[in-house]
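The following note is offered to a colleague who wishes to examine this structure point by point. It may be read with the coordinates open alongside.

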Amino acid sequence: MNNINDEILNKYLDEELNREEMNRVRIAIETSPQLKKKYEALLSANTILKNVESDSPSADFTKKVMGKIEIKKASANQQKYFLFTVLSLLGLIVCGITGYVFYEVIASIQTSEPSGLVSNYSNTIGDYLSAFFEKKNLSIFGSVLSFIMLISGYFLYDYQKHSKKNFGH
Amino acid sequence: MVMNNLTDVEIIESVKKGNQADYAVLIDRYKNKAFTMLKRMLKNEFDAEEVLMDCFLKAYNNLNSFKFESKFSTWFYRIVYNTALTKLSNSKRIIESEMSSIDDLHYLQSNYNADDFIKADNSLLIKKIVNELPPKNAAVVSMFYLEEMSTEEISDVLQISVANVKVILHRSRNLLRDIIEKRNLLQEIL
């Protein structure tokens with residue numbers, strides 16, 4: 001009996017011993033009232049642990065989690081649209097600048113004899129763009145562009161912060 | 001009704017395909033057991049619910065990285081256990097918990113006297129004792145008895161050896177056995 005310790009009793013309970021050891025422990029339990037009492041207490045501890053009921057979170061827990069997932073999904077979509085808008089705006093500006101550069105290059109090639117409807121139109125657009133990209137206008141345009149970018153950056157940062165906060169709580 | 005009969009894998013595949021609402025079935029399936037484990041680990045109902053919510057959101061966000069190499073329950077309980085440890089460490093309660101780790105389990109006995117067992121409902125009292133187990137023991141006991149996970153699965157969740165899981169499990173069980181023996185509760189329980 002003496003060599004049957006707690007560990008062996010636990011293994012006996014979990015049926016982790018080999019057949020021979022299982023028999024040895026079973027006989028020891030049957031012959032020793034002290035060991036029997038110890039084993040029965042261990043058995044009831046095991047039964048109690050098996051039967052302890054689980055607790056439940058608040059009744060609307062699932063709804064709350066699904067709500068947060070929904071918010072997260074919506075904010076991710078909004079973020080996508082916002083980025084798309086900002087990038088489109090920047091794309092348009094880049095296109096404008098590229099167009100102007102192309103116009104200047106073409107105009108410099110056709111300096112000698114400008115004729116026909118296309119040339120007239122290109123001249124008009126060219127004049128307009130030249131006026132627009134004058135030194136003074138260019139600095140205003142640069143300032144506006146920088147301002148737009150700064151504002152966009154701020155709103156993007158603020159929006160992300162807000163979305164994170166909504167998602168986290 | 002039909003969704004409830006589906007396996008975890010089928011539900012996850014459905015969620016991955018875009019049926020976000022199906023995730024609610026997984027939440028309903030695991031929330032009570034995971035909540036019980038967290039409540040036992042964190043010793044606080046409010047924290048347990050907050051951490052559980054965080055765990056379900058983490059699991060949802062990382063569902064695409066779940067490759068079905070292990071059971072969803074193993075993967076999910078690893079998230080639950082690690083998030084609980086982070087919460088404990090943030091709350092600096094880990095120091096206290098470490099002090100009452102495996103070898104000091106018997107401190108619990110002194111908290112209860114014979115009168116408690118006479119006056120109070122035994123099941124409630126035992127529930128209270130189980131709730132006071134140190135975090136790691138509470139996690140092992142919950143996963144083994146509530147979730148009916150094998151010691152191998154638990155070792156996978158806790159990232160410790162199977163032998164260590166068994167040691168924790170046996171010591172938790174022995175603690176309860178000692179209380180039963182000391183208070184002569186055997187007749188009442190059996």
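**Notes on the predicted two-chain model**

1. In the helix pair between the chains, Asp6(A), Glu7(A), Asn10(A), Lys11(A) and Leu13(A) of H1(A) make contact with His170(B), Arg173(B), Asn174(B) and Arg177(B) of H10(B). As with everything below, these contacts belong to a predicted model. Helix H1 of chain A covers residues 6-13 and helix H10 of chain B covers residues 162-182; their axes come within 11 Å and cross at roughly 100 degrees. Because angles of 65 to 115 degrees are classed as roughly perpendicular, H1(A) is described as roughly perpendicular to H10(B).

2. Chain A contains six helices and zero strands, so that its pattern along the sequence reads α-α-α-α-α-α. It has 169 residues, of which 25% are buried. Among its contacts with a separation of 6 or more, 61% are between residues 24 or more positions apart. Its accessible surface is about 12,100 Å², and carbon and sulfur atoms account for 61% of that area.

3. Chain B has eleven helices and, likewise, zero strands. Of its 190 residues, 51% are buried. Residues at least 24 apart are joined by 66% of the chain B contacts that link residues at least 6 apart in sequence. The chain exposes about 9,100 Å², with 50% supplied by carbon and sulfur atoms.

4. The largest nonpolar core comprises 65 residues, and the members touching the most others are Tyr23(B), Phe56(B), Phe72(B), Phe76(B) and Met143(B). Helix H2 of chain B, residues 23-42, contributes the largest share of this core, with twelve residues. A separate core of 13 residues includes Leu17(A), Met22(A), Ala28(A) and Tyr39(A). In soluble globular proteins, nonpolar side chains tend to be buried together.

5. Which residues does Tyr23(B) touch, not counting residues up to four places away in sequence? In chain A they are Met66(A) and Ile69(A). In chain B they are Val15(B), Phe56(B), Ala59(B), Tyr60(B) and Leu63(B).

6. Ser73(B) is located in helix H4 of chain B, which spans residues 72-90. Its relative accessible area is 7%, and it is therefore buried, the cut-off being under 20%. Neighbours within four places in sequence set aside, Ser73(B) is in contact with Tyr30(B) and Glu147(B).

7. Two glutamates deserve inspection for their backbone angles. Most residues other than glycine have a negative phi. Glu15(A), however, has a positive phi of about 55 degrees; it is placed in the loop between H1 and helix H2 (19-31) of chain A. With a relative accessible area of 64%, Glu15(A) is exposed. Glu148(B) also has a positive phi, near 55 degrees, and lies in the loop between helix H8 (135-146) and helix H9 (151-158) of chain B. Its relative accessibility of 65% is the reason why Glu148(B) counts as exposed.

8. As regards cysteines, a search of the whole structure returns zero disulfides over all chains. Is Cys95(A) buried or exposed? Cys95(A) has 53% relative accessibility and so counts as exposed, since the threshold for that class is over 50%. Cys55(B), by contrast, stands at 0% relative accessibility and therefore counts as buried.

How values were computed
Residues are numbered from 1 along each chain as its sequence is written. Chains are lettered from A and ligands numbered from 1 in the order in which they are written. This is a predicted model: local features need pLDDT of at least 70, side-chain atom pairs count only at pLDDT 80 or more; totals for chains, interfaces and linings use all residues. Side-chain values use heavy atoms; hydrogens and water are left out. A nonpolar core is a set of buried Ala, Val, Leu, Ile, Met, Phe, Trp, Tyr and Cys residues joined through side-chain atoms within 4.5 Å. Buried means under 20% relative accessible area, exposed over 50%, partly exposed in between (1.4 Å probe, protein chains only). Helices (H or I, at least four residues) and strands (E, at least two) are DSSP runs, numbered from the N terminus. Contact means heavy atoms within 4.5 Å. A disulfide is a pair of cysteine sulfur atoms within 2.5 Å. Accessible areas come from the Shrake-Rupley method with a 1.4 Å probe; for residues, only the protein chains shown count as cover. Axes are lines fitted to C-alpha atoms, for helices over the stretch in contact, and angles run from 0 to 180 degrees between N-to-C directions. Angles under 35 degrees count as roughly parallel, over 145 as roughly antiparallel, 65 to 115 as roughly perpendicular and the rest as oblique.
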